[in-house]
Amino acid sequence: MAATSAKSSNPMLSLLFYSIMMVTLPIFAFFVTQYGVESWLHVTTSKSYIYATACSVIIIHIILGIFVYKAYKDDKVVPHPADKED
């Protein structure tokens with residue numbers, strides 16, 4: 001039986017995908033949260049920075065958690081031991 005999985009995923013593409021998510025999503029979440037908190041909740045600018053930073057940190061932890069979960073659950077390819085010739 002061959003040691004292949006039904007879904008072949010390239011680890012480098014996965015790493016690139018999560019790296020892009022780690023850069024773009026927290027920055028996007030920061031500015032969207034800051035704008036939303038300032039305009040809808042009418043809080044001061046310094047408090048909106050705190051809320052926006054907290055949202056960005058939560059987004060980063062979610063992305064890291066998903067990455068670790070996918071890496072742990074990924075099918076591991078175990079090579080077959082070499083046949084001994086006696």
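**Notebook: two helices and a loop**

**Entry 1. Starting at S56.** I began with S56, which counts as buried at 9% relative accessibility. Buried means under 20% relative accessible area, exposed means over 50%, and partly exposed lies in between (1.4 Å probe, protein chains only). I noted the ground rules next. This is a predicted model, where local features need pLDDT of at least 70 and side-chain atom pairs count only at pLDDT 80 or more, while totals for chains, interfaces and linings use all residues. Residues are numbered from 1 along each chain as its sequence is written, and side-chain values use heavy atoms, with hydrogens and water left out.

S56 sits in helix α2. Helices here are DSSP runs (H or I, at least four residues), as are strands (E, at least two), and both are numbered from the N terminus. Which residues does S56 touch, not counting those up to four places away in sequence? I found P26, A29 and F30. A contact means heavy atoms within 4.5 Å. I then checked the backbone: the C-alpha atoms of S56 and P26 are separated by 4.6 Å, though the two are 30 residues apart along the chain.

**Entry 2. A54 for comparison.** A54 also lies in helix α2. I looked up its cover and found it partly exposed, at 37% relative accessibility. Its C-alpha atom is 10.0 Å from that of P26, with the two positions 28 residues apart along the chain.

**Entry 3. The helices.** I counted 2 helices and 0 strands in the protein chain. The first, α1, has 30 residues and spans 42 Å from its first C-alpha to its last, close to the 44 Å expected at 1.5 Å a residue. The expected span is 1.5 Å times one less than the number of residues. α2 has 29 residues and reaches 42 Å, close to the 42 Å expected.

Which residues of α2 are buried? They are S48, A52, S56 and I63. I checked their cover, and α1 is part of it. In α1 I listed Y18, M21, P26, A29, F30, T33, Q34, G36 and V37 as buried. Their cover includes α2.

**Entry 4. The loop.** I went to H42, in the loop between α1 (11-40) and α2 (45-73). What is unusual to note here is the phi angle: it is near 55°, a positive value in a residue other than glycine. I also looked up whether H42 is buried or exposed. It is exposed, with a relative accessible area of 65%.

**Entry 5. Rings.** I found 3 aromatic pairs in the structure. The ring centres of F17 and Y18 are 5.3 Å apart and their planes meet at 75°, so I wrote this pair down as edge-to-face. Rings of Phe, Tyr and Trp (its six-membered ring) pair if their centres lie within 6.5 Å; planes under 30 degrees apart count as stacked, over 60 as edge-to-face and the rest as tilted. F17 is partly exposed at 48%, whereas Y18 is buried at 10%. F30 and F31 form another edge-to-face pair, 5.2 Å centre to centre with 90° between the planes. I also noted one aromatic cluster, made of F17, Y18 and F67.

**Entry 6. The record.** I opened the UniProt entry, which is unreviewed; it lists residues 12-37 and 49-69 as "transmembrane region". Its positions follow the numbering used here, its feature names are shortened, and its annotations may be inferred rather than shown by experiment. I compared the record with the model. Residues 12-37 are 100% helix and 0% strand, with end C-alpha atoms 37 Å apart. Residues 49-69 are 100% helix and 0% strand as well, with end C-alpha atoms 30 Å apart.

**Entry 7. Whole chain.** I noted that 15% of the 86 residues in the protein chain are buried. The chain exposes about 7400 Å², and carbon and sulfur atoms supply 70% of it. Accessible areas come from the Shrake-Rupley method with a 1.4 Å probe; for residues, only the protein chains shown count as cover. Among contacts between residues at least 6 apart in sequence, 64% join residues at least 24 apart.

**Entry 8. Confidence.** I finished with pLDDT, the predictor's confidence in each residue, from 0 to 100. The chain averages 84, and 77% of the residues score at least 70. Over residues 1-6 the pLDDT is below 50, and this stretch has 5 contacts in the model beyond near neighbours in sequence. Where pLDDT is low, the predicted coordinates should not be read in detail.
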